[in-house]
Structure formats: C-alpha cells, structure tokens
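This report looks at selected helices, strands, cores and loops in one protein chain. Please keep the sequence and the model open while reading.

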Amino acid sequence: MSEQPYDFDVIVAGAGPVGLTMTIDLGRRGIRTMIMERDPGTAPWPKMDRSNARTMEIYRRMGIVDRVRALGYPGDNPMDVLLVRTMNERAIANIPFASVDEKRALVKATNDGTIPLEPYQLVSQNAIEPLLRRVAEHETPNTTVRYGLELIGLDQDETGVLVKTRRTDGSGEVETFRARYLVGCDGGRSTVRKTLGIRLTGVSAPADLRQVIFKSKDLYERMAAPKGRHYSFLTGGALVAQGCRTEFTFHTPLPEDTDFEKVLRDLIGFDCEIKIEHILTWRAHLRLAERYREGRVLMAGDAVHLVIPTGGLGMNTGIGDAVDLSWKLAGTIQGWGGAELLNSYELERRPVAARNIEASGWAADGANYWPNTITREVYEFGPAGDAARARLAATFMNQHGRMHGMVGAETCYSYAGSTLVAHEPGNQAHWEFSRIVPHGRPGIRIPHFWLKDGSPLQDRLGNDYTLLDLTGAYDSSAMEAAFAAIGAPLEVVRMDESHIRKVLKGSVFLLRPDLHIAWRGQGYPESIEEIARVATGHGAGFQV
C-alpha cells in the first residue's frame with residue numbers, strides 16, 4: 001500500500017463490552033475511532049452476569065457507573081450463592097456475599113487499601129451493551145459506530161491497515177477503510193486472529209454445554225429458596241438470576257434434545273410462568289493466544305483469551321485489556337509515546353490473562369469437586385441425612401466458594417517487569433487470587449483510599465499521567481519539564497496524606513492513565529528525565 005489518508009485513527013472490530021469500552025475511551029482521548037459489528041444490533045441474550053469491582057471502577061472514571069448499576073440488581077438485593085434441591089425449599093448451603101449496599105457501607109468504613117472504591121454489580125451483557133452503544137454512538141466525540149458490518153480482510157504496511165468489510169444486511173456491499181491501527185475485539189472465533197494466523201494454546205472441555213435462557217415474571221418473588229444470584233442444584237446444573245430478576249440462565253450438560261421446560265419445572269418445584277427464549281450451546285475453554293499483536297493489528301478480550309466462566313474473569317479481563325491498550329494507542333497516535341508504549345501491551349496484559357486462566361481453572365476444579373461428595377444419605381430424613389447434608393454444605397461452601405471470591409485476581413494484578421514500570425529490587429508480578437494485599441510497588445493499580453476531606457483518592461486523579469504528591473510540598477518542576485520535553489500530558493496533584501504514605505511506603509507516585517503506578521519515591525531520584533522516558537515508552541528500564 002502506498003501512503004494514503006486515514007479514514008480513522010483506529011478501527012475496532014467487534015462491539016461487545018470490550019470493544020465498546022475501548023471505543024469510548026479512545027474517543028474521549030481525541031482518537032478518531034470506528035467500531036464495527038457484524039451483528040445488526042447489540043447482544044440479545046445474557047452472557048456475563050457480573051461486572052467486577054475493577055470494571056465498575058473504570059466505569060466510574062468514564063462517568064457511567066450509576067447508569068450501569070441502574071440496569072442490574074438493586075443495591076439491597078442479596079448476592080448469595082446457594083445449593084438447593086429445588087427453588088421451593090430451604091437452601092442446603094448458602095455462601096453469603098454482601099449486597100452492593102452492604103459493600104458500600106464497608107467501603108465507607110474502611111481506609112486501609114483492602115477494598116476497592118466501587119462494589120461489583122450484577123448486570124447482564126444484553127443490558128449493558130445497549131448503554132455502552134448509546135454512550136459510544138451519541139455521547140462520545142470522535143467515534144463512528146457501525147452495526148451490520150463484518151470484517152472480511154485486512155492488509156497492513158508500515159504506516160497503516162487497509163480494512164475490507166462487507167455489509168450483513170443482505171446487500172453484500174463491500175467497503176474499505178484505512179486506519180492507523182486495527183484492534184480485534186471480535187470474540188473467541190476472532191476473524192482478526194484467524195486472518196493473522198495466530199493460534200490459541202491451552203485446553204478445551206471434551207463436551208458441549210447448554211445455556212437455557214428463560215423468562216419468568218414470578219419465579220424470583222415467589223420461590224421459597226433465599227434470595228441470591230446463583231443456585232446450584234443437587235441433581236446438577238446451575239441457575240443464574242440476571243439483574244432484572246425476571247430473566248434467568250440455566251447452565252447444564254444435558255443434551256440439546258432435552259425437554260428443558262420439564263427439567264426447569266422440576267427444579268423450580270412450584271407452578272410459575274416459564275418462557276424459554278433461547279438455548280445456546282457452548283464449550284468451556286482455557287486458552288491463550290500465542291501473541292496479542294502483529295504490526296499495526298492488535299487484539300483484546302476473548303479474541304486472545306478464553307476462560308471458563310467460573311470466577312467471572314472473562315469479560316472483566318477484556319475490559320482490563322481495553323483500558324490498558326486505549327491510552328497506549330492514543331499516546332502513540334498523538335506522537336508522545338515511544339516504541340515501547342505499544343510493545344508493552346502484550347508484555348503487561350498477556351501474563352494477566354495467563355494468571356486469570358489459571359485462576360478460572362482453579363475455581364472450576366472447586367465447582368466440579370463438591371458434586372462428587374453427594375451420597376444417597378443427602379436425600380434422607382433423620383440424623384444421617386442431616387449429617388450428610390451438613391458435610392455437603394461445608395464442602396460446597398469451601399470448594400464452590402472459590403469461584404465467587406476472586407478479589408485478588410480482579411484488582412491486584414501487577415505490571416512489575418514491564419518496560420513502562422520502574423524497577424524495584426524484589427518487585428515481582430505476582431498476586432493472590434482471593435485476597436487483596438495493598439501496597440505501592442510499581443506496576444500495581446493504586447489502591448482506593450479516603451482523603452482527609454472524605455473524598456476518594458481516585459476521584460482526584462485525571463485521565464492522563466498524574467504526579468501524586470502525598471506531602472503537598474514536593475518540587476515537581478523537573479518532572480513537569482521532563483514530560484513537557486516529551487510532549488506527554490502530566491497533571492500534578494498535591495495533598496498531605498500521611499496515612500496513605502504509610503500504607504504505600506512512598507511520598508510521591510507517578511501514575512499512568514490507567515492508575516497503575518509507574519514509579520514511587522521518597523524524594524528526588526537521580527534521573528527524573530529517565531523516569532519520564534520509561535513511563536512514556538522511550539526507555540528500557542532503570543534502577544531506583
């Protein structure tokens with residue numbers, strides 16, 4: 001291809017939550033972006049059901065968190081996970097989880113960095129996608145949204161990507177667009193990934209599973225089982241109550257020709273309205289792309305990592321990809337980003353996906369373990385039955401509970417070792433699945449803290465680089481000059497917060513646009529210019 005004008009800076013293929021979130025963030029950063037989706041509209045069926053704390057934190061920074069919450073569970077609805085025989089009986093086991101309101105009260109009362117600012121939210125994909133579409137299409141500058149348009153080919157050179165598309169409305173009309181970069185957010189069967197010849201490695205389940213999507217106006221209100229979000233059944237399968245609580249998904253290995261209405265009525269245990277809307281067939285995967293990028297074509301979300309739904313690390317990991325990549329694309333296109341800026345995307349995000357695939361498999365092992373402990377005594381009355389059910393309940397809570405407590409995997413992932421992060425001796429990119437351990441080492445997302453005035457720290461941090469002075473008296477002139485020389489945006493935020501200094505073991509922090517710490521210090525480093533170069537992708541690392 002010869003040098004030609006660009007139709008867009010970035011084209012995003014795939015308008016799921018990951019692609020739409022990336023498009024919104026790119027548009028807000030001044031990047032001319034087109035997002036294209038082969039389907040005629042947003043997803044009609046629920047897939048994911050929980051946006052985790054980190055995702056909700058991202059949506060808070062985008063200014064849409066309350067609108068997302070309005071689409072899902074109300075704040076006072078229990079988030080418990082239960083084991084039942086039917087929906088018309090008391091639970092055999094109940095794993096309690098705080099409602100959003102209870103979580104907010106805990107957040108308000110905690111100031112040690114161990115709890116994220118935003119609680120999780122149960123909201124289904126077919127509810128959140130239309131909101132993200134509205135925000136991208138009508139409320140975000142620099143964006144073009146095209147549904148009914150599929151990618152059928154691409155060709156790239158050193159300066160751009162020629163994207164060939166076809167309308168899926170029956171006309172078959174072919175259109176071509178030229179962009180600086182193409183991002184494939186087009187799911188597990190990614191056309192972008194297949195076109196590039198990039199393989200997925202890992203394992204897949206040997207058999208297909210079914211997701212039965214049905215509606216019931218009165219099931220949730222009338223059931224005798226306690227209110228919650230997930231219900232596992234003694235006889236197999238699990239039911240998820242979606243955010244509206246009139247739409248449900250039943251997950252089962254039963255074959256496609258099963259009379260699912262009869263199965264559901266038996267499991268519900270009382271007469272209520274049931275309307276089966278759709279039955280999806282899917283297969284569980286634990287797979288990772290060999291690479292995330294080839295030249296000017298990058299990928300994110302399910303296009304590069306497939307996880308078992310256990311733990312809720314699918315879409316949420318993809319949202320993490322989106323906010324890591326969007327600001328790096330912006331910096332590269334705007335000219336202040338060095339070569340390492342985009343190179344660091346795979347370096348940072350692929351290990352996170354690998355760790356989350358590991359976490360998802362670990363959670364699935366727990367979910368698969370407890371059914372093997374069911375004995376015939378569980379169904380009996382009397383002392384033997386009571387004892388068997390108590391043993392089963394303990395096993396369920398211990399083993400099945402793995403998949404619902406991934407707070408460490410959700411918020412504590414670290415980019416230590418990245419070429420954009422300052423090196424500190426002993427600082428490694430390792431984090432626990434189920435526990436938040438707050439710290440201020442470079443690479444981690446800065447934890448949530450309440451400031452002296454009662455406001456959250458994160459609300460004081462902008463969308464670009466931030467030099468966070470926790471003494472209120474740091475001379476930032478050299479750092480400001482270093483960023484100005486590169487042309488990268490930097491905001492200085494000053495406050496005297498001794499409590500945060502103590503927890504994070506630092507006085508001054510350089511934060512990236514995604515809130516991850518690029519550098520921390522107690523005073524003045526030897527080379528502020530080198531810190532700025534490393535953080536913006538122009539350096540290869542340095543010793544503190």
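Which residue follows α13, and is its phi positive or negative? The residue is Gly487, and its phi is positive, near 90 degrees. The model is a predicted one.

## Helix α13 and its sheet

Helix α13 covers residues 477-486. Three of its residues are buried: Met479, Ala482 and Phe483. Viewed along the axis of α13, the buried residues fall within an arc of 95 degrees, so they line one face of the helix. An α-helix has 3.6 residues a turn, so residues three or four places apart point the same way. Ala484 and Ala485 are exposed, and they sit on the face of α13 turned away from the buried side.

What do the buried residues of α13 pack against? Their partners are the strands β21 (465-469), β22 (490-494), β23 (508-511) and β24 (517-521), together with helix α15 (528-535).

Those four strands form an open sheet. Their order is β22-β21-β23-β24, and the pairing is mixed. β22 and β24 are the edge strands, each pairing on one side only. On average, neighbouring strands of this sheet are turned by 15 degrees against each other, direction ignored. α13 lies across β21, β22, β23 and β24. The helix runs at about 165 degrees to β22.

Within the sheet, β23 and β24 pair in the antiparallel sense over four bridges. Val508 stands opposite Gly521 in β24. The loop between β23 and β24 holds Leu515.

## Strand β1 and its partners

How many residues of β1 are buried? Six of its six residues are, and the strand (residues 8-13) is mostly covered.

β1 runs parallel to β10 (residues 174-184), joined to that strand by five bridges. Ala13 stands opposite Gly184 in β10. β1 also runs parallel to β2 (residues 33-37), here with four bridges. Val10 stands opposite Thr33 in β2. From β1 the chain crosses through helix α1 (residues 17-28) to β2, and this β-α-β crossover is right-handed.

## Nonpolar cores

The largest nonpolar core holds 73 residues. Val10, Ile11, Met22, Tyr59, Leu182 and Leu329 touch the most other members. Helix α9 (residues 315-334) gives the most to this core, with eight residues. In soluble globular proteins, nonpolar side chains tend to be buried together.

Tyr59 shows what such a position looks like in detail. Leaving aside neighbours within four places in sequence, Tyr59 is in contact with Pro17, Thr21, Ile64, Val65, Val68, Ile128, Leu132 and Ile319. A second, separate core has 41 residues, including Val84, Leu219, Ala241 and Leu264.

## Phe250

Phe250 lies in strand β15. At 1% relative accessibility, Phe250 counts as buried. Discounting neighbours within four places in sequence, its contacts include Arg210, Gln211, Val212, Phe214, Phe233, Val263, Leu264 and Leu267. Gly236, Gly237, Ala238 and Leu239 are also among the residues that Phe250 touches. The C-alpha atoms of Phe250 and Phe260 are separated by 9.4 Å, with the two residues ten apart along the chain.

## Loop residues

Three loop residues are set side by side here.

| Residue | Loop | Relative accessible area |
|---|---|---|
| Arg245 | between β14 (238-241) and β15 (247-252) | 21%, partly exposed |
| Leu515 | between β23 and β24 | 1%, buried |
| Gly314 | between β20 (305-306) and α9 | 16%, buried |

Which sign does phi take at Arg245? Arg245 has a positive phi of about 65 degrees although it is not a glycine. Leu515 is not a glycine either, and its phi is positive at about 75 degrees. Most residues other than glycine have a negative phi. Arg245 is partly exposed, whereas Leu515 is buried.

Gly314 comes with chain neighbours from further back. The C-alpha atoms of Gly314 and Gly301 are separated by 7.6 Å, and the two residues are 13 apart along the chain. Not counting residues up to four places away in sequence, Gly314 touches His305 and Val307.

Note on methods
Residues numbered from 1 in each chain as written. Predicted model: local features only at pLDDT ≥ 70, side-chain atom pairs only at ≥ 80, totals over all residues. Heavy atoms only, no water. Buried < 20%, exposed > 50% of the residue type's maximum accessible area, 1.4 Å probe, protein only. Helix = DSSP H or I, 4+ residues; strand = E, 2+ residues; numbered from the N terminus. Arc of directions from axis to C-beta. Contact = heavy atoms within 4.5 Å. Core = buried A, V, L, I, M, F, W, Y, C linked by side-chain atoms within 4.5 Å. Pairing = 2+ DSSP bridges. Axes fitted to C-alpha atoms, helices over the stretch in contact; angles between N-to-C directions. Right-handed = clockwise from strand over helix to strand, strands pointing away.
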